[in-house]
Amino acid sequence: MAGDWSSDVCSSDLVLSLKVQIENDQIVSISNVNGSGAEYDKLNDRYISRAADGTKKIAGTIAQILEKQQTDSIDAVSGATCSSRSEE
């Protein structure tokens with residue numbers, strides 16, 4: 001069973017989307033992670049990619065979710081883009 005999931009981030013004008021593939025009650029892949037919406041800035045693509053895929057030193061959220069088969073207890077910063085807006 002494959003599923004496509006989309007989540008609103010901050011507002012309906014800032015959306016983070018991804019595709020999750022599930023087989024035999026196991027998450028087997030997470031792909032197509034991207035941002036969009038009227039308020040989305042393409043400069044965020046680099047940060048989304050690093051968070052999803054990780055770096056040489058830190059595992060990305062995708063690898064952590066696949067390993068643990070859940071989103072609990074993974075290393076991530078939730079809502080940082082929304083809460084760090086200096087102009088507000």
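The following exercises, each with a worked solution, concern a predicted model of a protein.

Residues are numbered from 1 along each chain as its sequence is written, and side-chain values use heavy atoms, with hydrogens and water left out. Because the model is predicted, local features need pLDDT of at least 70 and side-chain atom pairs count only at pLDDT 80 or more, while totals for chains, interfaces and linings use all residues.

**Exercise 1. Confidence and overall layout**

Determine which elements the protein contains, in what order they run, and where confidence is lowest and highest.

Step 1. Helices (H or I, at least four residues) and strands (E, at least two) are DSSP runs, numbered from the N terminus. On that basis the protein has three helices and three strands.

Step 2. Read from the N terminus, the order of the elements is β-β-β-α-α-α.

Step 3. The predictor's confidence in each residue is given as pLDDT, from 0 to 100. Its mean over the protein is 79, and 73% of the residues reach 70 or more.

Step 4. Confidence is highest in helix H2 (residues 61-68), with a mean of 92, and lowest in helix H3 (residues 80-83), with a mean of 57.

**Exercise 2. Surface and burial**

State what share of the residues is buried and how the accessible surface is made up.

Step 1. A residue is buried under 20% relative accessible area, exposed over 50%, and partly exposed in between (1.4 Å probe, protein chains only). Buried residues account for 19% of the 88 residues.

Step 2. Accessible areas come from the Shrake-Rupley method with a 1.4 Å probe, and for residues only the protein chains shown count as cover. The protein has an accessible surface of about 6600 Å², and carbon and sulfur atoms contribute 49% of that.

**Exercise 3. Charged side chains**

Identify the residues that form a salt bridge, and find which ring has Arg-46 over its face.

Step 1. A salt bridge requires a side-chain nitrogen of Lys or Arg within 4 Å of a carboxyl oxygen of Asp or Glu. This rule yields one salt bridge.

Step 2. The partners are Lys-42 and Asp-45, with an N to O distance of 3.9 Å. Lys-42 is exposed at 59% relative accessible area, whereas Asp-45 is partly exposed at 32%.

Step 3. A charge sits over a ring if NZ of Lys or CZ of Arg is within 6 Å of the ring centre and within 35 degrees of the ring normal. Arg-46 lies over the face of Tyr-47, 5.7 Å from the ring centre.

**Exercise 4. Contacts of strand S3 and helix H2**

Describe the surroundings of Gly-35, Val-28 and Thr-61.

Step 1. Contact means heavy atoms within 4.5 Å. Among contacts between residues at least 6 apart in sequence, 24% join residues at least 24 apart.

Step 2. Gly-35 belongs to strand S3 and is buried, at 8% relative accessibility. Residues up to four places away in sequence not being counted, Gly-35 touches Val-15, Leu-16, Tyr-40 and Ile-48. Its C-alpha atom is 6.2 Å from that of Ser-17, which is 18 residues away along the chain.

Step 3. Val-28 is also in strand S3, but is partly exposed at 39% relative accessibility. Beyond its neighbours within four places in sequence, Val-28 contacts Gln-21, Ile-22, Glu-23 and Leu-66. Val-28 and Leu-66 are 38 residues apart in sequence, yet their C-alpha atoms are 6.8 Å apart.

Step 4. Thr-61 lies in helix H2 and is buried, with a relative accessible area of 18%. Leaving aside neighbours within four places in sequence, Thr-61 is in contact with Ala-51, Ala-52, Ile-74, Asp-75 and Ala-76.

**Exercise 5. Loop residues**

Locate Asn-24, Gln-69 and Gln-70, and give the notable features of each.

Step 1. Asn-24 occupies the loop between strand S2 (11-23) and strand S3 (26-36). Its phi is near 50 degrees, a positive value in a residue other than glycine, and Asn-24 is exposed at 75% relative accessible area.

Step 2. Gln-69 is placed in the loop between H2 and H3. Phi of Gln-69, near 60 degrees, is likewise positive in a non-glycine residue, and Gln-69 is partly exposed at 27%.

Step 3. Gln-70 lies in the loop between H2 and H3 and is partly exposed at 38%. From Gln-70 to Gln-26 the C-alpha distance is 9.6 Å, across a separation of 44 residues in sequence.
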